[in-house]
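Trainee: Please take a close look at one part of this model for me: the place where the two domains meet. Set it in the context of the chain as you go.

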Amino acid sequence: MKYFDFRSDTVTKPTQTMRDAMYRAEVGDDVYGDDPTVIELEKKSAQMLGKESALFIPSGTFGNQLAVLTHTKRGDEVILGDMCHIVMHEVGASSVIAGVQLRTVSAEDGYMNPKYVEKLIREEDIHYPDTGLICVENAHSSGKVMTLENMKQIYEIGKKHEIPVHLDGARLFNAASALNVKPSEIASYADSIMFCLSKGLCAPIGSMLVGDTAFIERARKNRKLMGGGMRQAGIIAAAGIVALDEMVERLDEDHKSAKRLAQELAKIKGVHIFEERLDINMVFCEIEGIENDELFVTELDKRGFLVNGPEMGEYRFVTNFWTPEDAVLALAKAIEELL
Ligand SMILES: *Cc1c(COP(=O)(O)O)cnc(C)c1O
């Protein structure tokens, strides 16, 4: 049976062009720094974001934690939103790897009040930790895209207090597409940026950490410390190059089909769509009348649709390259029938 997978955009399998590029990829030993395909991917990534350097890393979580480790020292405090990926979905790694303390700002949909962020920055006092880093997330995993204005304000506060700003841009290109700006414009309001190749861009593995050359060189050594020095990594970097060349421009199609899905679901009695968080390829909703979530998920599975059960009471459906418009319409129809 053919399945349409709406669980996440991480489920996207590589395209045929990626598989061909991987097959043909020239490789070296990237720990020695002589894998030409990795070098090409790193150059391209830095260029697209308007920064000096980039580093190929195994995952987005790895990249965020590598950034935290590289920007801070043990015992530092990191200011970030309470619902951001680093806090919610990275297994508490910042306390294990960098040994930092996370100071969260209430930010359900990702929006952090710049005035409050500034208030949290520590002064010099024998009792206080040092504020070592501010982290922002765009697009936010709530489905919301932060405005450039908000990012700029936080970045300027960072500059004023000499505190670096790291952007968790797992879905940076989705944010750029939604805001209709170049990725480099978003990146200009952060000192380091992590973005994923392995989500909506369909590469099988990998993320990038981008920043200035001094930072990336320190991150390169920390990547080795964390066990992320990869050898003939050109094999997977080749798919990353295709992701940047061919898959960035089409992300608005996923955004359109998410809006289409929301439109169809909204017609169904008992479905409440969170319209204000429909910025990218994710539809969040509450569904009344489901007595057994597990059964609901199983029944959709039987009809050829993979979805996750609710998190904090909300269902999330993620559109991607492999969920064309007719699959989106069919999912809405299946949900209507089940309810
Ligand atoms: C997916 C995601 C990550 C982590 O990426 P992995 O490759 O799954 O480790 C980090 N931040 C955000 C906002 C994400 O959505």
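Mentor: Start with the annotation. UniProt, in an unreviewed entry, lists a "coiled-coil region" at residues 241-268. UniProt positions follow the numbering used here, feature names are shortened, and annotations may be inferred rather than shown by experiment. That span is 82% helix and 0% strand, with its end C-alpha atoms 41 Å apart. Helices (H or I, at least four residues) and strands (E, at least two) are DSSP runs, numbered from the N terminus. The same kind of record, also unreviewed, places "domain: Aromatic amino acid beta-eliminating lyase/threonine aldolase" at residues 5-285. Here the end C-alpha atoms lie 17 Å apart, and the span is 42% helix and 16% strand.

A word on the basis. This is a predicted model, in which local features need pLDDT of at least 70 and side-chain atom pairs count only at pLDDT 80 or more, while totals for chains, interfaces and linings use all residues. Residues are numbered from 1 along each chain as its sequence is written, and side-chain values use heavy atoms, with hydrogens and water left out.

Now the interface. The domain assignment, automatic or from a database, gives domain 1 (13-246) and domain 2 (250-338). Their centres, taken over C-alpha atoms, are 28 Å apart. Domain 1 brings 24 residues to the contact and domain 2 brings 17; contact means heavy atoms within 4.5 Å. About 1,500 Å² is buried between the domains, and carbon and sulfur atoms give 57% of that. Buried area is the accessible area (1.4 Å probe) that two parts lose on being put together, summed over both. In domain 1, Gly-143, Arg-171 and Asn-174 lose the most area to domain 2, together 27% of what that side buries.

Next, the polar links. The rule finds 1 salt bridge across the interface, that is, a side-chain nitrogen of Lys or Arg within 4 Å of a carboxyl oxygen of Asp or Glu. Arg-277 forms a salt bridge with Asp-109, with the closest N and O atoms 3.6 Å apart. Between the domains, 7 residue pairs are in polar contact, both residues at pLDDT 80 or more. A polar contact is a pair of N or O atoms within 3.5 Å; within protein, one must be able to donate a hydrogen and the other to accept it, and residues adjacent in sequence count only if both atoms are side-chain atoms. Helix H8 (residues 172-179) gives the most to domain 1's side of the interface, with 5 residues.
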